[in-house]
Each structure stands twice: as structure tokens, then as C-alpha cells.
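This report looks at how selected helices and strands are arranged in one protein chain. It begins with a helix pair and then turns to paired strands and the connections between them.

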Amino acid sequence: EAAGELKPVALLCEGTRVSPEDSKPADEAVVSRRAMEAVAGSKGLVVADFGPRNIERLVIFLEIARQNGRKLVVLARDAHLLEAIAMADSTTPLPDAATGLYVFRDREGTTPVWKRNVLERHQDATVNWEEVSASPRDYLLSTTGYNNP
């Protein structure tokens, strides 16, 4: 309520337990339902932030994106992690335009070799900031706590 009095443009917070009524941890079904409602009710760009190794949550958001006609976009380092996990578990989703999972091509002056390789391997399933900016309603960005390249 106090934050509302400041009339903020946006509020970013961890969203699984935002009120006293939500004191116990939410299970994945509750998270999925609440996220689906939030994405379905959004007319613009949606950004999801969850643990970078939480593949179950990524799969939930991939399905939410699909059901809402959006593309789930992950960072190159997340695509790299998915590739490594897929070596042990073939059910792990990989970036592919057919599945709706894409890799974000950011604006960098010098792209590290590992990132360039990831982007090349998934070149048919990449998007850049211009594409997202031109049609934000088509995307669900997964930032996975991004704080360094």
C-alpha cells in the first residue's frame, strides 16, 4: 500500500509469496496457474525471472508462452546450459523455432566464442532487441537473474 502511494510505473519482486496469505511455499502447480493468469492478462512484453538452473520452471514458462501465442526467449548462457543437460536428458527443451524456444542475441561489441557458438547452433531460433521491441506482445523473456555476461 505504501509503495502504491508513490505511484510507481512498475514493481519488480519475487512473486511466489507476495502477501501474508501466501506464507507457505507455493508448489509448481500454483506457480504455473498464477503465471498463466499473469501472462494471459498482459498485453505487452512479459519478463520472467527464476533460478538459472530451474529447468522445471523453464518448462512451465515454455508451455505458458506457447499457450499464449508467445515465444519464450532465454539468454545464450541458459541455452548453453540446456544443451549440456540435454546430453544426459533427451527430454530437455532446446532452442528451436518449432518449439517456441528462442535465444536472445544481445548488442555486444565483442561476443565471446562460446556465445557465438551457441548462437550459430541455434541461428534459426534467435531474436534480437529490435524484434522484441517491434512486437513485445509476441515474447516472454526469461532473464534468469541476469547480472553478468
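Contact is taken here to mean heavy atoms within 4.5 Å. The model is a predicted one. By that criterion, Glu28, Val31, Ser32, Ala35, Met36 and Val39 in α2 meet Arg57, Ile60, Phe61, Ile64 and Gln67 in α3. The residues of this contact of α2 with α3 divide into 7 nonpolar, 2 polar and 2 charged. Helix α2, residues 28-40, packs against helix α3, residues 55-67, at an angle of about 35°, and the axes of the two helices lie 10 Å apart. In this arrangement α2 passes α3 in a right-handed crossing.

The second part of the report concerns strand β3, which spans residues 101-105 and is mostly covered, with 4 of its 5 residues buried. Strand β3 runs parallel to strand β2, to which 3 bridges join it, and strand β3 also runs parallel to strand β4, again with 3 bridges between them. The two pairings are set out below, each with one of its bridge partners.

| Strand pair | Residues of the partner of β3 | Bridges | Bridge partners |
|---|---|---|---|
| β2 and β3 | β2, residues 71-74 | 3 bridges | Leu72 and Leu101 |
| β3 and β4 | β4, residues 126-128 | 3 bridges | Phe104 and Val127 |

Between β3 and β4 the chain passes through helix α5, residues 113-121, in a β-α-β crossover that is right-handed. From β2 to β3, the chain crosses through helix α4, residues 76-86, and this β-α-β crossover is right-handed.

Notes: Residues are numbered from 1 along each chain as its sequence is written. This is a predicted model: local features need pLDDT of at least 70, side-chain atom pairs count only at pLDDT 80 or more; totals for chains, interfaces and linings use all residues. Side-chain values use heavy atoms; hydrogens and water are left out. Axes are lines fitted to C-alpha atoms, for helices over the stretch in contact, and angles run from 0 to 180 degrees between N-to-C directions. A crossing is left-handed if the near helix is turned anticlockwise from the far one by less than a right angle, and right-handed if clockwise. Ala, Val, Leu, Ile, Met, Phe, Trp, Tyr, Cys and Pro count as nonpolar, Asp, Glu, Lys and Arg as charged, and the others, Gly among them, as polar. Buried means under 20% relative accessible area, exposed over 50%, partly exposed in between (1.4 Å probe, protein chains only). Two strands pair if DSSP finds at least two bridges between them. A crossover is right-handed if, with the strands pointing away from the viewer, the path from the first strand over the helix to the second runs clockwise.
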